[in-house]
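Dear colleague,

I am passing on the structure we spoke of, and I would be glad if you could look through it with the notes below beside you.

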Amino acid sequence: MFAKLMGRRLYRKPSKSESNGTTVTATPPVKAVDVPLSASTDQAVAPVKNGLKCLNDDAIQPSVGGPELPEAINHDPGSKHSVVALHSAVAPLTSPIKENDVINAESDHSANGSLSPTANLPFLRDVPWFERQDLLIKKLNLCCLQYDFSNPKENIAEKEIKRQTLLELVDYVQYGAGTLTERVQGEIAKMFASNLFRSLPPACHESTGLDKFDREEEDPCMDPAWPQLQIVYELLLRYIISADTDPRLAKRYIDRFFVQRLLDLFDSEDPREREYAKTILHRIYGKYMMHRPFIRKAINNIFYRFIYETERHNGISELLEILGSIINGFALPLKEEHKLFLSRALLPLHKPKCLALYHQQLSYCITQFVEKDFTLVDTVIRGLLRYWPITNSQKEVLFLGELEEVLEITQSSEFQSFMVPLFRQIGRCLNCSHFQVAERALFFWSNDHIVNLVAENRNVILPLIFEALEKNTACHWHQAVHGRTMNVRKMFIDMDENLFKECQLKFQEDEANAREIEEKREVIWKHLEAVATSSGPSEEPIVVEQS
């Protein structure tokens, strides 16, 4: 099937007999396997706790639980089936161009002297090995030509020829390219830049004039040029991970400017493009150690602009997935730079309204920091309390879920430093009129570790939340909240019945004092109304003596 699709054999490195000019039989074609390459837009993003290998500042470590790439991207780069799948995954723009269509082209060069898209270029496998470099460069230059994919009826033949050439280049890099020379690497970097680094179109809601846009409800905008962009991204991925790519030469072209332009592509509205950019940036971070500080700093700058200026960026979740694997590989003790990143970038990411779009990945990064250094839990909890939402119940439920994850890995010695402000906030959540917030707060007492922490510090915690529990028992409108509140009260009674009775007595006294103050206030207002009615309109102030 592969031979039918491509009409040629797989590549392999030239043997001694080939270098002497003798003919060698090519390896047999590999049977095609129907493996999808690009992630479906309807497929949910995989959980962030399994997948990307963690990366530290010294070496690439084995995977220990970083974020997982979607299945469509997480294919084996060295697999013989992956490139075959690419050919079947990328549908042709029109009917395949026959070989005679290329051979019968009128001219190999355009009017300005550049290579024509219909140039008569043979396949790389059909020329001797010593001529392949020049032919490869010609094909790379041909792939630099740009076409308008918004009009499917324009340049149909040229688009198909470019697509077939790109597929051939993917095969060449994957199977037997040999060591890529500096000249070839310069040309291939130029081809990547001309195809990928472009001005992204305006967002759909901006072009339509909509003031409010919900990415969770709206369908993502798909790039019409994706059939060719996908092959270019695949070629870039193969180039980065190829053993034939010399990092000492490649770093001249995979430089900071290249990385910055790649980071700009994370704002693309096409989720397929963001997935490829995520995979490639992760590979660059692992292979080119000299770029690691720059990549972290550049991601910081994207976060700062998103938090404090625009609150609009399409790739925050993908960037956080990469950071999850990076944080997982941080060496201990943590550098001050990493602690500042937590307090200045990650915690303020809880502030934007669109937190739900990336909260899962953000929560994973936060818990990774706490697992690395348990002393950071105080910084994390106080940071969450600082950005706690007041009028957004959806965000409040997310905060409570993240809070429970952090408390699960909190040690008793650290818990005492922040338990007072924490349970004051939990008490307010217990009395929330939104039943999901109140119910989520009551779920804390279903966690054995949190119950143990509360039991050890019940003398401090119970007085802070006792009033909220009693008000829920007396007058909360939702039956589930009322039932769970009764369970929590019973749990405290079983812990320490004397303490519970003391808190109950104090609550009754406070309620009696509050009623007395309210009665005095009503008496004063009635007296004021009576005086005002008897004396008539007057500009003189009325003095009332308080008993």
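What share of the residues in the protein is buried? Of the 547 residues, 46% are buried, and please bear in mind throughout that this is a predicted model. The protein has 25 helices and zero strands, and among contacts between residues at least 6 apart in sequence, 73% join residues at least 24 apart.

I began with the aromatic rings, where the count comes to 17 aromatic pairs. In one of them, the ring centres of phenylalanine 306 and tyrosine 358 are 5.9 Å apart and the planes stand at 75 degrees, which is over 60 degrees and therefore makes the pair edge-to-face. Phenylalanine 306 belongs to helix H13 (residues 292–310), while tyrosine 358 is found in the loop between helix H15 (336–346) and helix H16 (359–372), so this pair ties together parts that are 52 residues apart in sequence. Phenylalanine 306 is buried at a relative accessible area of 1%, and tyrosine 358 is likewise buried, with a value of 2%.

A second pair is formed by phenylalanine 415 and phenylalanine 423, whose ring centres are 6.1 Å apart and whose planes are at 80 degrees, so that this pair, too, is edge-to-face. Both of these phenylalanines are buried, and ring pairs join them with Phe418, Trp445 and Phe492 into a cluster. Elsewhere, a ring has a charge for a partner: the charged end of lysine 159 sits over the ring of phenylalanine 149, at 4.8 Å from the ring centre.

Turning to the helices, a packed pair is described by the angle between the two axes and by the distance between them. For helix H12 (residues 271–287) and H13, the angle is about 140 degrees and the axes are 9 Å apart. Since angles count as roughly antiparallel only when over 145 degrees, H12 and H13 are therefore oblique to each other. On the side of H12 the contact is made by Leu281, Ile284, Tyr285 and Gly286, and on the side of H13 by Arg292, Ile295 and Arg296. Sorted by class, the residues of this contact are four nonpolar, one polar and two charged.

Helix H5 (residues 132–142) is a further element to look at, with Arg132, Leu135, Leu136, Ile137, Lys139, Leu140 and Leu142 as its buried residues. The cover over these buried residues of H5 includes helix H6 (156–174) and helix H7 (182–196).

Some details of the backbone also deserve a check on your side. Most residues other than glycine have a negative phi, and most peptide bonds are trans. Against that background, the peptide bond from leucine 332 to proline 333 is cis, with omega near -5 degrees, and proline 333 has its place in the loop between helix H14 (316–328) and H15. Asparagine 155, in the loop between H5 and H6, has a phi near 50 degrees, a positive value in a residue other than glycine, and at 27% relative accessibility asparagine 155 counts as partly exposed. Glutamate 311 has a positive phi as well, of about 55 degrees, although it is not a glycine; glutamate 311 is placed in the loop between H13 and H14 and, at 31% relative accessibility, counts as partly exposed.

Two single residues complete these notes. Is asparagine 459 buried or exposed? Asparagine 459, which lies in helix H23 (residues 458–475), has a relative accessible area of 52% and is exposed, because the value is over 50%. Leaving aside neighbours within four places in sequence, asparagine 459 is in contact with Asp496 and Leu499, and the C-alpha atoms of asparagine 459 and aspartate 496, which are 37 residues apart along the chain, are separated by 9.2 Å. Histidine 359, by contrast, has its place in helix H16 and counts as buried at 9% relative accessibility. With neighbours within four places in sequence again left aside, histidine 359 is in contact with Leu398 and Glu402.

With best regards

Conventions. Residues numbered from 1 in each chain as written. Predicted model: local features only at pLDDT ≥ 70, side-chain atom pairs only at ≥ 80, totals over all residues. Heavy atoms only, no water. Phe/Tyr/Trp six-rings, centres within 6.5 Å; stacked < 30°, edge-to-face > 60°. Helix = DSSP H or I, 4+ residues; strand = E, 2+ residues; numbered from the N terminus. Buried < 20%, exposed > 50% of the residue type's maximum accessible area, 1.4 Å probe, protein only. Lys NZ or Arg CZ within 6 Å of the ring centre and 35° of its normal. Axes fitted to C-alpha atoms, helices over the stretch in contact; angles between N-to-C directions. Parallel < 35°, antiparallel > 145°, perpendicular 65-115°, else oblique. Contact = heavy atoms within 4.5 Å. Nonpolar A, V, L, I, M, F, W, Y, C, P; charged D, E, K, R; others polar.
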